[in-house]
Amino acid sequence: MIVPSLSQQDIAVLREDTPGVSQLIHFNNAGTGLALKPVLDAVKQHLDLEAQLGGYEAAAASKPRMDTFYTSLAALIGCKPHSIAYIENATRAWNMAFYGIDFRQGDRIVTGRSEYVSNYLAFLQMKQRKGIEIDIVEDDASGQIDLPALKAAVGKKTRLIALTHIPTFSGLINPAEDVGDIAQAAGVLYLLDACQSAGQIPLNVHEIGCHMLSGTGRKYLRGPRGTGFLYVSDNVLDQLDPPFIDLQSANWTADNTYDLVPHARRFETWERYVAGQIGLGVATTYAIGFGMERIGNRICALAAQLRSELSGQTGVTLHDKGARKGGIVTFALAGETPLQTKARLGGSRINLSVSSASSARIDLPHRELDAVVRASVHAFNTESEIERFVKALASLS
Ligand SMILES: *Cc1c(COP(=O)(O)O)cnc(C)c1O
């Protein structure tokens with residue numbers, strides 16, 4: 001089978017469009033993707049327009065560019081533009097879906113060890129507020145969510161399956177489609193946190209079978225910070241009540257009640273970072289232009305190369321798990337804490353991140369890890385950057 005990947009020409013274009021690559025090696029794309037020039041230009045252009053015309057006037061003049069946000073995100077995840085909401089970050093996007101569910105005492109949420117810590121905090125709050133219960137499904141031997149155990153955990157009281165597709169702290173790609181089959185068979189709401197997968201690997205909400213999906217602009221999509229999106233299927237709109245409404249999401253009716261606007265935009269607020277919306281549309285269109293399958297294959301291949309080179313280094317312990325792995329590579333180096341590794345390589349202008357137990361409460365401590373170094377690659381990174389990175393890592397005397 002031929003695996004479509006990016007050509008050398010594509011990679012050259014990606015690097016030309018990424019001004020930061022001449023200054024540093026950026027292996028922190030799971031934190032923020034390194035800025036893309038077309039996105040920067042679009043954001044700056046809109047800010048300039050606001051200064052020249054006024055903010056409302058600039059937004060009116062940029063309406064088609066604002067609409068591109070919806071059409072491009074819809075194309076990215078395989079849905080209709082009306083099923084996409086623009087929200088200021090992925091956390092709030094996820095919150096708008098989660099807190100829109102009318103949980104009752106005794107309802108159960110089924111989740112896995114990869115769940116993002118902020119999501120889990122929301123479960124804890126709902127437990128305190130409404131008396132819901134949380135069921136954590138263990139990983140299977142490969143490290144991904146255990147599908148038979150998940151199926152067994154879903155019962156009459158299960159209201160929601162909440163899954164993080166790619167955890168922030170591991171190379172794992174969870175089998176979101178198989179989880180979707182289980183959710184569909186059980187008739188249970190399925191909320192997917194696709195923060196790390198959006199822009200990293202191809203996504204299709206119909207193949208996945210999720211009802212709600214949240215994503216961020218700032219990571220693998222390489223959009224502006226402070227931008228995010230929410231997908232909500234038309235099929236579950238009647239099961240969700242937006243936790244907040246405003247004059248964008250609802251209309252005040254003559255009889256002093258209100259109607260929610262149709263589709264996913266009932267989860268939006270009127271006021272927004274317009275330049276960010278335009279920028280995220282440009283970033284998404286850019287990714288689609290190269291093809292998400294090719295981008296995803298390139299990212300996974302680079303990360304596999306990095307894991308393979310690291311596994312040959314003395315003192316390096318790799319910590320990625322899962323049958324399928326993506327662009328996040330986690331490890332630790334003997335004789336140095338992850339924070340020290342990050343600081344040392346930062347001195348050589350290599351950007352890394354550290355995932356600590358506090359941001360992976362139900363996973364890293366379970367694996368008896370306090371912290372891991374996180375090196376997350378993107379399609380614009382190169383094989384030679386990996387060589388330089390591994391050399392710099394090995395220079396610890
Ligand atoms: C980063 C991240 C988030 C939060 O995204 P924001 O846009 O910063 O709110 C949520 N879930 C996962 C898995 C993440 O990695």
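This is a short tour of a ligand site and two sheets, with a suggestion at each stop for what to select. Keep in mind that the model is predicted.

**Stop 1: the ligand and its shell**

Select the ligand, then show side chains for the residues that surround it: Asn-89, Ala-90, Thr-91, Tyr-116, Thr-164, Thr-168, Asp-193, Cys-195, Gln-196, Thr-216, Arg-218 and Lys-219. Colour them by character and you will find three nonpolar, six polar and three charged residues.

Now turn on distances. Start with Asp-193, where an N or O atom of the side chain sits 2.7 Å from a nitrogen atom of the ligand. Move on to Lys-219: here an N or O atom of the side chain is 2.7 Å from an oxygen atom of the ligand. At Ala-90, look at the backbone instead, since a polar backbone atom there lies 2.9 Å from a ligand oxygen. How much of the ligand does the protein bury? The ligand taken alone exposes 380 Å², and the protein buries 94% of that.

**Stop 2: the seven-stranded sheet**

Switch to a cartoon view and follow the strands in the order E2-E8-E7-E6-E5-E3-E4, which form an open sheet with mixed pairing. Strand E2 (84–87) and strand E4 (133–137) each have a single partner strand, so each stands at an edge with one side lacking a neighbour in the sheet. On average, neighbouring strands here are turned by 20° against each other, ignoring direction.

Next, select residues 189–193 and 212–216. These are strands E6 and E7, a parallel pair joined over three bridges. For one position to click on, try Leu-192, whose bridge partner in E7 is Leu-213. Asp-193, from the ligand stop, belongs to the residue range of E6.

Then add helix H4 (residues 63–77). It lies across E2, E7 and strand E8 (228–232), and runs at about 120° to E2.

**Stop 3: the four-stranded sheet**

Move along to the open sheet with the order E11-E12-E15-E14, where the pairing is antiparallel. Which strands stand at its edges? They are E11 (316–318) and E14 (353–356); each has a single partner strand, so one side of each is left without a neighbour in the sheet. Neighbouring strands in this sheet are turned by 40° against each other on average, direction ignored.

Zoom in on E14 and strand E15 (residues 371–376), which run antiparallel and are joined by four bridges. Label Ser-353 and you will see Arg-374 of E15 opposite.

Finally, select helix H11 (residues 292–311). This helix packs on the sheet and touches E11, strand E12 (328–333) and E15, with its direction at about 15° to that of E12.

Key:
Residues numbered from 1 in each chain as written. Predicted model: local features only at pLDDT ≥ 70, side-chain atom pairs only at ≥ 80, totals over all residues. Heavy atoms only, no water. Near = heavy atom within 4 Å. Polar contact = N/O pair within 3.5 Å; in protein donor to acceptor, adjacent residues only side chain to side chain. Areas by Shrake-Rupley, 256 points an atom, 1.4 Å probe, with all protein chains shown as cover. Nonpolar A, V, L, I, M, F, W, Y, C, P; charged D, E, K, R; others polar. Pairing = 2+ DSSP bridges. Helix = DSSP H or I, 4+ residues; strand = E, 2+ residues; numbered from the N terminus. Axes fitted to C-alpha atoms, helices over the stretch in contact; angles between N-to-C directions. Contact = heavy atoms within 4.5 Å.
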